[in-house]
Amino acid sequence: MRREIRKVGVLGAGVMGSGIAAHLANANVPSLLLDIVPRELSPEDEKAGLTRGDRRFRNKLALAGLETIKTSRPALIYTKKLLPLVSVGNFEDDWDKLAECDWIVEVVVERLDIKQQVFERLEKVRKPGSIVSSNTSGLPIKKMLEGRSEDFRKNFLVTHFFNPVRYMRLLEVIAGEETDPEVVKFMTDFGQFLLGKGIVFGKDTPNFVANRIGVYGIMATVHAMIGRDYQVDEVDAITGPAMGRPKSASFGTTDLVGLDTMAHVVRTLREECKDDEGQPMFAMPEFITKMVENKQLGRKTKAGFFKREKGPKGENIDYTLDWKTGQYRPKAKLDAPSLKVTRGLHDPGARIKALVNATDRAGVFAWRITRDGLAYSSRRLGEISDTIVDIDHGLTWGFNWDLGPFEIWDALGVKETVERMKAEGVEPAPWVGEMLAAGVTAFYRDGAQRREYYDPRTKVYVPIPRPESFLVLREIKKRAPAVFQNAGASMIDLGDGVACVEFHSALQPKLNPIDGDIMEVMHKAIALAEKDFRGLVIHHQGEQFCAGANLLMILEGAQSQAWKAIDDMIRMFQGMTMGMKRARVPVITAPFGFTFGGGAEITMAGDRVCAFAETYMGLIEVGVGLVPAGGGHVFMLERVLEGVDEPVLSNLPFLRKAFEDIAMAKVATSAEEARELKYLRPYDHVEMNRDQQLWTAKRMAIALAEEGYRPPLPRKFTLPGREGVATIQMLLHNMKITHWISSHDEKIATHVGNILCGGDTTINNPVSEETILDLEREAFLSLCGEPKSQERITYMLLNNKPLRN
């Protein structure tokens, strides 16, 4: 039987339920979001004239979940156009509609008796063969399924999402003793390919994989803080990026999750894992118990381990809890030499190694919690999951660590770390010692075809399992040398006649700003692709696609008045993007993450775009006092004037979208929103799973080539010219005198308007792409010479946020 999920029932409209429904909508899957009918009318309901029979009252909780989807920031849904895919109802009036659903996911309160009651009711209406899952964070499957039929049991599993569902990559899949393996495979594929999740297979044990290790780590950190006399802000200064973890670190993350939620998870571990040698860590310190009693639960109550208040001048003042006194004090900065060293290290393994080997206050603490966490992780293998890969992925995907425990161990050196542990009386699992005794010194290694991990059961290295559609550039480069490369980028042969340009900035590998190295490889790649390949993909597998031009290089050029050098750089940039557009082979751009300024222009220059769903895209140059100068105006004109080939009275209404996007530096917060803003076209593709993005982009290039690709002809635009510029200037003047914009904003936006209107022309005199590029270049050079633009660039470089001057 071919399975298909056409509609999903979501039982429970709280934070997790609404998040799941929203992400199903992101994947274009309709859902029915249900919750209970409130017990009685509230004073607000009575004031609104509601009755117990009113659907607005009966659907109140589900409607609240829908409102959460609409208003959450950061957004749970890619675009509000997807909201109609979520319908709402209640457990009494709409229960029978669950018979229409192919998958029903339970997300009710974490109580065994209530879940059992829900499943008993559900069995009466679900259609045979439909999949049922629970989002429980650790209740036993066997107990949840007591009294259920064989068909129910074989189609049941746990699908444990992490919050927020859209942004957290992890989906833990836990099969019961009787779950049909075909159901597990189907839901794994659905989760990976349609929802874009990273799948971790766990066992039916309390808190499964990620929370078992992660929560132990947080509690071990709390007890180490108390035992070694550290403070909350000191600990978070150590356990954030310096240790390859998010900026929210340990206590900031707990504030984000909620202390009540954390307390519940810890209580489950304490009660259900009696034989766990980590039991002492699951004892909740008295000061945290008091925080929960006092509703100091974190961000949702605006006070937890940290809180923020306004100062006398309206400035934000951050406070931290002194766990000894229970009082808040201003947050302090930890001055530790080792932390300063880690800031200059891009590689997370090198950062962690430098920190834990340091002997200052930060290093000593970091080693203590790393030591205990690694040993604990080794002892859980076989109990919570069968592979070290699942444990590592649980922490990297579920807690946003840069490296999982065993990857960290490899970075530190397994043999050296074990010797250091044992010298301090800490014993890892016996299999680690057996592995070292057999001469195996690393948990991971590069195999002939792909990365491999050590399997203690078979005592051999095994290839890390993954779909064939998950291409890894690092492995491809290992099998064949780059066609062409320099310090900033490489051209790689992907096979099947398709090449790829990979960015890997030497100076800023996280953001990959466009510089001479990247442009050199791009120009070379276009020429080589036309000669030796049938398609070209622009993609890499770093942290962010491209954050724009190298601002420091532009600022230095402007301050030294090196106008010729800046002009040459812009011409080279324009030649690159227009070269992509005019190449005799199809060019597919595959962006993800930050795709700003020049990164957006590179993306828009492609014949097709294969964008990762989480692509944040915009022509943001106005924010630093400049304008797009790499063809951004050309690409926006193409999009907004699509199908407008004949002169009309004025094209200004068509240009409005492009003007607003550029002059207001609008940033799309998803690939689908980028489509709404016209950065992406209707026929561009959005890929939900970034691991599959390169494979999809390659297939798109091959498809265009096999269709007999021909580059688009140069286009001429009918633009309003002087008349349009005058109208825009009037609007901008009114905005300035009413204090919506500054004089410098007006100057920059006038440049944008002049470029989009075609400069000194009329609606009856078509304007070429070259003319638009010339206008871009002239405006860019002019603004580089403006002191206020230089101030904006300087401020952005120093503070990583725009200056309004």
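Which residues lie nearest the centre of the largest cavity? In this predicted model, they are R245, I369, T370, G373 and W401, out of the 17 residues that line the largest cavity. That cavity holds about 180 Å³ of space. Helix α16 (361–380) gives the largest share of its lining, six residues. Helices α9 and α18 (405–412) also take part, each of them supplying at least two residues. Sorted by class, the lining of the largest cavity has 11 nonpolar residues, five polar ones and one charged.

The count of cavities of 30 Å³ or more comes to three, and the second largest is a good next stop. About 60 Å³ of space lies in this second cavity. Its lining includes I218, M219 and V222, along with L259, M262, A263 and I288. By class, nine of the residues lining the second largest cavity are nonpolar, one is polar and none is charged. Helices α9 and α12 each give at least two residues to this lining.

I288 is worth following from here, as this residue leads us to helix α13. The helix spans residues 286–293, and its buried residues are F287, I288 and M291. These three cover an arc of only 100° around the axis, which puts them on the same side of α13. There is a familiar rule behind such patterns: an α-helix has 3.6 residues a turn, so residues three or four places apart point the same way. The face of α13 turned away from the buried side carries E286 and E293, both exposed. What lies over the buried residues? The elements covering them include α9 (210–227), α12 (259–272) and β10 (316–322). After α13 comes K295, whose phi is positive, near 60°.

Now let us turn to the nonpolar cores. In soluble globular proteins, nonpolar side chains tend to be buried together. Here the largest nonpolar core has 129 residues, and those with the most contacts inside this core are W103, F503, I538 and I602. Helix α22 (residues 516–532) contributes the largest share of the core, eight residues. F503 makes a handy starting point if you want to explore the region on screen. Leaving aside neighbours within four places in sequence, F503 is in contact with residues including I518, M522, I538, F545, C546 and I602. Its contacts also include G488, N512, H539 and H540. A second, separate core has 82 residues, among them Y230, I352, Y376 and Y444.

Besides cavities, the model has pockets. The second largest pocket contains about 500 Å³ of space. It is lined by 18 residues, and the closest to its centre are K581, E638, E642, R681 and Y683. Helix α26 (residues 632–640) gives the most to this lining, with three residues. By class, the lining of the second largest pocket comprises eight nonpolar, one polar and nine charged residues.

Our last stop is a loop residue. E40 sits in the loop between β2 (31–35) and α2 (43–47). Is E40 buried or exposed? Because its relative accessibility is 61%, E40 counts as exposed; the cut-off for that class is over 50%. Not counting residues up to four places away in sequence, E40 touches R52 and F57. For a sense of distance, compare E40 with R656: they are 616 residues apart along the chain, and their C-alpha atoms are separated by 50 Å.

Note on methods. Residues are numbered from 1 along each chain as its sequence is written. This is a predicted model: local features need pLDDT of at least 70, side-chain atom pairs count only at pLDDT 80 or more; totals for chains, interfaces and linings use all residues. Side-chain values use heavy atoms; hydrogens and water are left out. Buried means under 20% relative accessible area, exposed over 50%, partly exposed in between (1.4 Å probe, protein chains only). Helices (H or I, at least four residues) and strands (E, at least two) are DSSP runs, numbered from the N terminus. The arc is that of the directions from the helix axis to the C-beta atoms. Contact means heavy atoms within 4.5 Å. On a 1 Å grid over the protein atoms alone, a cavity is a set of points where a 1.4 Å probe fits but cannot get out, and a pocket is an open set with protein on both sides within 12 Å along at least five of seven lines; lining residues have an atom within 4 Å of a point. Grid points are joined across faces, edges and corners, and a volume is the space filled by probe spheres set on the points. Ala, Val, Leu, Ile, Met, Phe, Trp, Tyr, Cys and Pro count as nonpolar, Asp, Glu, Lys and Arg as charged, and the others, Gly among them, as polar. A nonpolar core is a set of buried Ala, Val, Leu, Ile, Met, Phe, Trp, Tyr and Cys residues joined through side-chain atoms within 4.5 Å.
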